[in-house]
Amino acid sequence: MSARTPFVAGNWKMNLDRGAVRSLCRHLATLAREKPPARLGVFPPFVYLADVVAELSGSGIVVGAQTCHPGESGAYTGEISARMIRDVGASHVIVGHSERRQLCGESDADVRARLDAALAAGLDVILCLGETLAQREAHATASVVTAQLEAGVTGLSSDVVARRLTIAYEPVWAIGTGLNATPAQAQEVHALLRARLAALAGDAAAAAVVVQYGGSVKPDNIAALAACPDVDGALVGGASLDIRSFATIARLGASSPRPARSDR
Ligand code: PGA
């Protein structure tokens with residue numbers, strides 16, 4: 001069983017313009033040459049996806065989309081299919097981000113349909129999940145994230161889970177708010193998710209899956225989060241738009257490759 005390599009990914013959301021995207025890509029390519037300890041990824045808006053794939057070609061930086069439509073093609077005005085994302089050279093897609101769940105009304109079933117479409121198109125997936133503040137205060141965190149995980153993963157083969165899936169635990173109350181889970185809160189949920197993954201897909205797959213933390217990750221809080229044994233990098237929103245912040249997070253977002261659970 002190989003060790004997990006932490007994965008630090010920037011979710012650019014609906015930010016930047018073409019010039020800013022190009023400049024950020026140039027800096028990212030330089031950063032990748034410095035070989036930070038984490039694997040790096042960026043998730044630009046759709047219209048810049050092909051540009052970013054070209055700019056970062058050969059850098060080793062993962063490029064993906066922020067969502068996809070569950071259908072293959074057809075009369076879905078304004079939508080983008082997983083196959084189109086693959087066709088322009090991207091390798092990954094985020095599904096289930098809380099902003100999609102909340103602003104676009106995506107249910108667990110909608111998220112699963114997108115995940116299945118992405119896998120079928122040859123894309124690897126970051127599955128986002130997390131509880132709202134009201135759910136945390138009602139002590140429902142464990143049941144909420146477990147249900148989201150089960151909806152996303154049940155029925156997938158161990159091999160697919162191990163090789164093509166990343167989980168991003170993003171407490172909704174921490175996204176874009178400046179609040180973030182304490183390392184202890186993050187570790188508790190990450191360990192719970194990994195235990196549930198073991199039940200769903202086996203110990204080896206659970207030990208191999210990268211589980212990122214997301215929600216107001218910044219240069220000054222990443223090291224403590226990354227030191228948690230089950231936190232394997234981060235999904236970064238606001239701080240990924242600034243190359244200095246992202247570079248620091250990339251450097252501190254991985255202490256050393258995590259031993260697989262069975263090696264500990
Ligand atoms: P944030 O966003 O870092 O700006 O809180 C994280 C995310 O939504 O993935």
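Here is an informal chat between two colleagues about the predicted model shown above.

Colleague: Before we start, which pLDDT do local features need?

Modeller: Residues are numbered from 1 along each chain as its sequence is written. This is a predicted model, with side-chain values taken from heavy atoms and hydrogens and water left out, totals for chains, interfaces and linings using all residues, side-chain atom pairs counting only at pLDDT 80 or more, and local features needing pLDDT of at least 70.

Colleague: Okay, the ligand. How many residues surround the ligand?

Modeller: A residue is near a molecule if one of its heavy atoms lies within 4 Å of it. The closest ones are Lys-13, His-97, Glu-170, Gly-176 and Ser-216, and the full count around the ligand is 13 residues.

Colleague: And how do the residues of that shell divide into nonpolar, polar and charged?

Modeller: For the classes, Ala, Val, Leu, Ile, Met, Phe, Trp, Tyr, Cys and Pro count as nonpolar, Asp, Glu, Lys and Arg as charged, and the others, Gly among them, as polar. On that split, the shell around the ligand has four nonpolar, seven polar and two charged residues.

Colleague: How far is an oxygen atom of the ligand from a polar backbone atom of Gly-176?

Modeller: Let me go through the backbone contacts, where a polar contact is a pair of N or O atoms within 3.5 Å; within protein, one must be able to donate a hydrogen and the other to accept it, and residues adjacent in sequence count only if both atoms are side-chain atoms. A ligand oxygen sits 2.9 Å from a polar backbone atom of Gly-237, and a ligand oxygen is 2.7 Å from one of Ser-216. For Gly-176, the distance from a ligand oxygen to a polar backbone atom is 2.6 Å.

Colleague: What share of the ligand's accessible area does the protein cover?

Modeller: Accessible areas here come from the Shrake-Rupley method with a 1.4 Å probe, and for residues, only the protein chains shown count as cover. On its own the ligand has 280 Å² of accessible area, and the share of it that the protein covers is 96%.

Colleague: Back to Ser-216: is Ser-216 buried or exposed?

Modeller: Ser-216 is in the loop between β7 (210–214) and α11 (222–226), with helices (H or I, at least four residues) and strands (E, at least two) being DSSP runs numbered from the N terminus. Its phi is positive, about 55°, although Ser-216 is not a glycine. Buried means under 20% relative accessible area, exposed over 50%, partly exposed in between (1.4 Å probe, protein chains only). With a relative accessible area of 9%, Ser-216 is buried.

Colleague: Leu-16 has a positive phi too; what is the relative accessible area of Leu-16?

Modeller: Leu-16 lies in the loop between β1 (7–11) and α1 (18–33), and its phi is about 75° although it is not a glycine. Leu-16 is partly exposed, at a relative accessible area of 29%.

Colleague: Which residue's side chain does His-97 join in a polar contact of 3.3 Å?

Modeller: His-97 is in the loop between β4 (92–95) and α4 (98–103). At 5% relative accessibility, His-97 counts as buried. The 3.3 Å contact joins its side chain to that of Glu-170.

Colleague: Now the strands. Which residue of β2 is the bridge partner of Val-8?

Modeller: Five of the five residues of β1 are buried, with Phe-7, Ala-9 and Asn-11 on one side and Val-8 and Gly-10 on the other. Two strands pair if DSSP finds at least two bridges between them, and β1 pairs with β2 (residues 39–43) in the parallel sense over five bridges. In β2, the partner of Val-8 is Leu-40.

Colleague: And β6: over how many bridges do β6 and β7 pair?

Modeller: Strand β6 (residues 165–169) is largely enclosed by the rest of the structure, because five of its five residues are buried. Strand β5 (residues 124–129) pairs with β6 in the parallel sense over five bridges, and Val-125 has Leu-165 as its bridge partner in β6. β6 and β7 also pair in the parallel sense, and the count of bridges is four.

Colleague: Last one: why is Cys-128 not bonded to Cys-68?

Modeller: A disulfide is a covalent bond between the sulfur atoms of two cysteines. Here it is a pair of cysteine sulfur atoms within 2.5 Å, and a search of the whole structure finds zero. The closest cysteine sulfur to that of Cys-128 is in Cys-68, too far for a bond because the distance is 12 Å.
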